[in-house]
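User: Got a minute to walk through this one with me? I have the sequence and the model open.

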Amino acid sequence: MRPYILTIVCCLLSIVGSPSSAQTPASDALKAQADTLRAQFRRYFVNNQANEAYATLQELIRVEQQAKNVEREAAARWNVIALLNNAARYDSLLHETDIQMAWFKEHGMWDRFYQTWQRKCSANHDLGRMQSALREARNMQNDAQRRNNNTGRAMAYKQMGVVYYDIRQLEAATTAFEHSVRLLVEEKDSTGMLSGVYEGLCQTLDRRGMFQQELTYSEAWASHLSVLVGIHGTNNVSPTFVSCYLARTAAYIGLKEFNEAHAALREAERYQHLGESKLTLYYVYEAHCRLALAQGHISEAIAYSDSTLMLGIEVDDKIKELRAEALMKAGRGVEAANIYRSLYIHKDTTYTRDMRTQLDELNTLFQVDEMEREQQASRTRALFIIGGLIIGGLLAFHVYRRIEDKKLKRLNEQLRKASEQAQESSRMKSEFIKNISHEIRTPLNILSGFSQVITSPNLDIDEKELHDMRKRINENTERITGLVNKMLELSDANSQTILMREDKVNAVETAAQASIDAHMDEQQHISFNIDVSPEAKGRQLLTNRKQLTRALKLLLDNAIKFTKQGEINVRLYADEEKNVFKYVVEDTGIGIPPAEAEHIFEEFVQLDEYIDGTGIGLTVARSIARRLGGDIVLDIHYKQGARFVLTLPLTSE
């Protein structure tokens, strides 16, 4: 989502405080010092001197504390948050939000408290931590609901809208933004928050092609800004007027009302000249490029894209996408190809259709439809009914109250665990769907971009470039095939079909082949060894060669993933007494807590969400072993890393 121009307005508006009444010589001196610091901060902020601005704010907070001016101190503290957000220093912002939230909470400044919390959500979002951002937003919404604070609820909905927009859940984003607008209109917001929500809503409607609705909301936005001008002055509100009229421009372009689009863009330029900000000028040039392209003025579109490059700032990829499109229409295929290669550009309509298809297919594959949800709800209701009967029994049999009370506690604990497991299963499935969809999206974007270039009737490209494109198309086609195979593996893991065991294989050769398939010889940071016990040498097994090798490879893949540096060993044993053959795969990696010994074999489970993977490897491996008549377990007594034991029925020669 486009960075909010509104950030500038919020920061500048918040520096206005209420004057104190009676003044003393000491307070006069502190006030003069604070005024000087505020003026310095304005200069540093406008000139993007973040370090100097931050140091000035810290000094201003100290002075306002001495002056005991809580309102002005609150404004300075909020400016710290706005400054770090505007400078994109998100790690620092996450640390600072906790400090300032505690201060605002202590002083009962709930609007500022929730605004700061929203910035914490936003920082997680900007760092790519979408799940954390949504979790923080929901926590904020619940907290604001308990306090009956509409501003907090509105900020929570706003942040949900931002996250939903970026993961292309545009209908959900629209709903969230509209909830936020309604709450802030009811509160008669005059701080600038409502303006930021209007901006997010207009961008979302523009992305959905709902241009008439975008125009309607931009009109309401302009009316709101006119009220803000009367409160805060034109100069403070002018950057947001730029954003508003750019939204109107986009809506008119979508409606193909180009005269009105030019008029709206002229208004945006007029307000841009009042602020003279590079950021607002960047977006004005971008709108000019989009309008020129829509009217077929290709040279003009390219010239405006050049103008954005000359500003020396890079905000988003949209201007590059527009430039690539213009270059293609101008017959400059090689230049367009270079941009496509770096951006993996794709058409919004194609992406939306393909993503929806993928999600629908995956929902069917992993059985997360409404029928399953209703069945789960029915089971939960049944458990609660049983709990109610037990409670009735406790009332009827007072003599056994303590015993029955203990039973009730155990049942409630089971219900809680069952509920948590159901929620966790749903979360993991959703995460898997998101990950697979993201993985499919990248190669699809590449194929889409290069296909447009290769099929262009005006293609002017040398053989070397063409060969490179073909190579990349082949690579990404294979990548998609690999992802589909992963999903088929999961479907196969859920099968109860017994695997045919008609291959007589050498146990040692099978382990060696699995190590080759897992590319163990390429793991420079890992020492690998196959250790064969005397009774296992030359042992023949009656099994399924392909599936046994596959299960061993999956265990090795898992060991490689969690062993950054160290050893991986495969040990082979034959236990005549128990009539089993054992493949033991052990590593010196990060290990697995004993409490997770069974949990890790469940679908989609990843104990470390920061390590790549889909969470199905161990599920598939155990499924294969069991369908071969054996099993896979985690040795919880092994402490140097992780040790998995694959057992199979022992068949003598």
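**Working chat**

Analyst: Let's start with Asp557, which is partly exposed, with a relative accessible area of 26%. Keep in mind that this is a predicted model.

User: Which helix is Asp557 in?

Analyst: Asp557 sits in helix α23, residues 545-561.

User: What does the side chain of Asp557 make a polar contact with?

Analyst: The side chain of Lys553, at 2.7 Å. Asp557 also has His519 at 9.0 Å, C-alpha to C-alpha, although the two are 38 residues apart in sequence.

User: And which strands does α23 lie across?

Analyst: α23 lies across β2, β4, β5, β6 and β7, and its direction is at about 175° to β7.

User: OK, the sheet then. What's the strand order?

Analyst: The order is β2-β4-β5-β7-β6, an open sheet of five strands with mixed pairing. The edges are β2 (526-532) and β6 (631-634); each has a single partner strand, so one side of each has no neighbour in the sheet. From one strand to the next, the twist averages 15°.

User: Which helix packs on the sheet touching β2, β4 and β5?

Analyst: That's α22 (residues 507-517), with a direction about 165° from that of β2.

User: How many bridges join β6 to β7?

Analyst: Four, and the two strands run antiparallel. Within that pairing, Ile632 stands opposite Leu646 in β7.

User: What about β1, how many bridges join it to β3?

Analyst: Four again: β1 (residues 503-506) and β3 run antiparallel. Val505 has Leu541 in β3 as its bridge partner.

User: Which residues are on the covered face of β3?

Analyst: Leu541 and Thr543 are on the covered face, while Gln540 and Leu542 are on the uncovered one. That fits the usual pattern: in a regular strand, side chains alternate between the two faces of the sheet.

User: Switching to helices. Is α4 largely enclosed or open?

Analyst: Largely enclosed by the rest of the structure, because 14 of its 17 residues are buried. The length of α4 (residues 70-86) agrees with expectation too: at 1.5 Å a residue it should span 24 Å, and its end C-alpha atoms are 24 Å apart. Ala88 follows α4 with a positive phi, near 60°.

User: How far apart are the end C-alpha atoms of α16?

Analyst: They're 17 Å apart; the 12 residues of α16 (residues 318-329) should span 16 Å, so that agrees.

User: Which residues in α16 are buried?

Analyst: Ile319, Leu322, Arg323, Ala324, Ala326, Leu327 and Met328. Just after α16 comes Gly331, with a positive phi of about 80°.

User: Asn124 caught my eye. Buried or exposed?

Analyst: Buried: the relative accessible area of Asn124 is 7%, and the cut-off for buried is under 20%. Asn124 lies in helix α6, residues 110-126.

User: What is Asn124 in contact with, leaving aside neighbours within four places in sequence?

Analyst: Leu94, Arg129, Ser132, Ala133 and Glu136.

User: Last thing, what's the mean pLDDT of the chain?

Analyst: The mean is 81, and 77% of the residues reach 70 or more. Residues 4-22 stay under 50, though the model has 58 contacts for them beyond four places in sequence. Residues 345-374 are below 50 as well, with 48 contacts in the model beyond near neighbours in sequence.

User: Why not lean on those contacts?

Analyst: Where pLDDT is low, the predicted coordinates should not be read in detail.

Notes:
Residues numbered from 1 in each chain as written. Heavy atoms only, no water. pLDDT = per-residue confidence, 0-100. Contact = heavy atoms within 4.5 Å. Buried < 20%, exposed > 50% of the residue type's maximum accessible area, 1.4 Å probe, protein only. Pairing = 2+ DSSP bridges. Polar contact = N/O pair within 3.5 Å; in protein donor to acceptor, adjacent residues only side chain to side chain. Expected span 1.5 Å × (residues − 1). Axes fitted to C-alpha atoms, helices over the stretch in contact; angles between N-to-C directions.
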